[in-house]
Amino acid sequence: MIPLDVFGSESVAADLLEQVRWRDGVTCPRCRSDRTVRNGSYREFQRYLCKNCDRTFNDKTGTIFAHSKIALRRWLFSIYAFLRFNTSLRQLQCEIEVTHKTMHRRIERFARALDAPSLNLVGPVEIDEVYVSAGKKGRERDRESRSRGLSTRGRGSYSSDKPPIFIIADRGTEQRYVIPAKAADESTIRLLLADRQQESLTVYTDGFRAYEPLEDDDAFDREYVVHGDGEYADDEVHVNTCESHASQVRRWLSPHRGISKDKLTQYLRAFQLRRELFRKPGRDALKHAVQATL
């Protein structure tokens, strides 16, 4: 269920932030000391005094919610709607009645706070790439509009505003990783597959020539299908999981009408977090999203 009580009451929103942030005990955000005591309140938020550095702080200090004039309940609603329903920033701007610049800055700050995915491949793994339209949205306003990368045929590149995004599906852990890159080449692929538990990792790919050098490397056991020859699955050899996940990536980016390639990593980290929330109920999903930013 959607946690409407959190979005309707600032005190309930403050309680949720307090539960998530201090789940392992209250520590000073400045000196990291646990020698803290309660010291009154700041509006709906608990205030604390650190006996180590003799400074005060509250539940929002040092978080992405600090120094914001917008109510916490509204920011939590924005994060929840952005992740759960893939709501565009324009629509969120209308919902919480702020300027588009403010909404864009806050969502961007939220996305920057998310950690990069940590790869630890068990295998076997599928790997595939998808190309998306991502230029310099919001920049170079004094120049004529440039043609998008998707208007040209063939595989794209970062410089042509059609950067590659690699999809890795680890069948051993059922984890999915979405990682943008500046080039779809051998060195990038080797770097993505470097963090693995097995000395010889089984890798399922399509017939893209950048994967071919893996066949001559003892660290990999490459098996592949050639889509150009009408091969899409040969028993366990396929990249269908990656292709399915790639279609979800496209749907995630679609409402935002063209992502700047400088911000593509941030949007994909939010997409990764969205997948983690998929099976969680409303309040647990919101707590997980807040925890990811702390």
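Here a trainee and a mentor talk through a predicted model of a protein.

Trainee: Let's start broad. How many helices and strands does the secondary structure come to?
Mentor: Keep in mind that we're looking at a predicted model. Its C-alpha atoms fill a box of roughly 70 × 50 × 35 Å along the principal axes. Count up the secondary structure and you get nine helices and eight strands.

Trainee: What share of the 294 residues is buried?
Mentor: A residue is called buried when its relative accessible area is under 20%. Apply that to the 294 residues of this protein, and the buried share is 45%.

Trainee: And the outside? What percentage of the exposed area do carbon and sulfur atoms supply?
Mentor: The protein exposes about 16000 Å². Carbon and sulfur atoms supply part of that area, and their share is 43%.

Trainee: What part of the contacts with a separation of 6 or more comes from residues 24 or more positions apart?
Mentor: Here a contact means heavy atoms within 4.5 Å. Take the contacts with a separation of 6 or more, then pick out those between residues 24 or more positions apart: they account for 60%.

Trainee: Now charges. How far apart do the centres of the positive and negative sets lie?
Mentor: There are 50 positive side chains and 43 negative ones in the protein. Each set has its own centre, and the distance between the two centres is 13 Å.

Trainee: Which residues gather in the patch of negative charge on the surface?
Mentor: One member to look up is D234, in the loop between β8 (220-224) and α7 (240-253). With a relative accessible area of 53%, D234 is exposed. The whole patch consists of D221, E223, D229, E231, D234, D235 and E236.

Trainee: Which residues make the nonpolar surface patch?
Mentor: This patch covers about 320 Å². One of its residues, I2, sits in the segment before α1 (4-8), and I2 is partly exposed because its relative accessible area is 40%. The full set is I2, L4 and F85.

Trainee: Is D54 buried or exposed?
Mentor: You'll find D54 in the loop between β2 (45-50) and β3 (56-58). Its phi is positive, about 60 degrees, although D54 is not a glycine. The relative accessibility of D54 is 61%, so the verdict is exposed.

Trainee: Where is E97 found?
Mentor: E97 has a positive phi of about 60 degrees, and it isn't a glycine either. Its relative accessibility is 64%, so E97 counts as exposed. As for its place, look in the loop between α4 (89-96) and α5 (100-112).

Trainee: How many salt bridges does the structure hold?
Mentor: For a salt bridge, a side-chain nitrogen of Lys or Arg has to be within 4 Å of a carboxyl oxygen of Asp or Glu. By that rule, the number in this structure is eight.

Trainee: How many residues apart are R73 and E10?
Mentor: These two form a salt bridge, with their closest N and O atoms 4.0 Å apart. R73 belongs to helix α3 (residues 72-84) and E10 to helix α2 (residues 10-21), so to speak distant parts of the chain, and the gap is 63 residues.

Trainee: Is E10 buried or exposed?
Mentor: Its partner R73 has 25% relative accessibility, so R73 counts as partly exposed. For E10 the value is 15%, so E10 is buried.

Trainee: Which strand holds R38, the partner of E18?
Mentor: R38 and E18 form a salt bridge whose closest N and O atoms are 3.5 Å apart. E18 lies in helix α2, so the pair ties together parts 20 residues apart in sequence. R38 is exposed at 56%, while E18 is partly exposed at 21%. The strand with R38 is β1 (residues 36-42).

Trainee: Why are R190 and E186 separated by about one helical turn?
Mentor: Their side chains meet in a salt bridge, at 2.8 Å from N to O. Both residues belong to helix α6 (residues 186-192), and the separation is about one turn because they are four residues apart.

Trainee: Which residues do the shared salt bridges join into one network?
Mentor: R190 is partly exposed at 26% relative accessibility, and E186 is partly exposed too, at 34%. Salt bridges with shared partners connect these two with a further residue, and the network is E186, R190 and D217.

Methods:
Residues numbered from 1 in each chain as written. Predicted model: local features only at pLDDT ≥ 70, side-chain atom pairs only at ≥ 80, totals over all residues. Heavy atoms only, no water. Patch = residues over 30% accessible without salt bridge, like charges linked within 9 Å, V, L, I, M, F, W, Y side chains within 5 Å. Areas by Shrake-Rupley, 256 points an atom, 1.4 Å probe, with all protein chains shown as cover. Lys, Arg positive; Asp, Glu negative; His and termini not counted. Charge placed at Lys NZ, Arg CZ, Asp CG, Glu CD. Helix = DSSP H or I, 4+ residues; strand = E, 2+ residues; numbered from the N terminus. Buried < 20%, exposed > 50% of the residue type's maximum accessible area, 1.4 Å probe, protein only.
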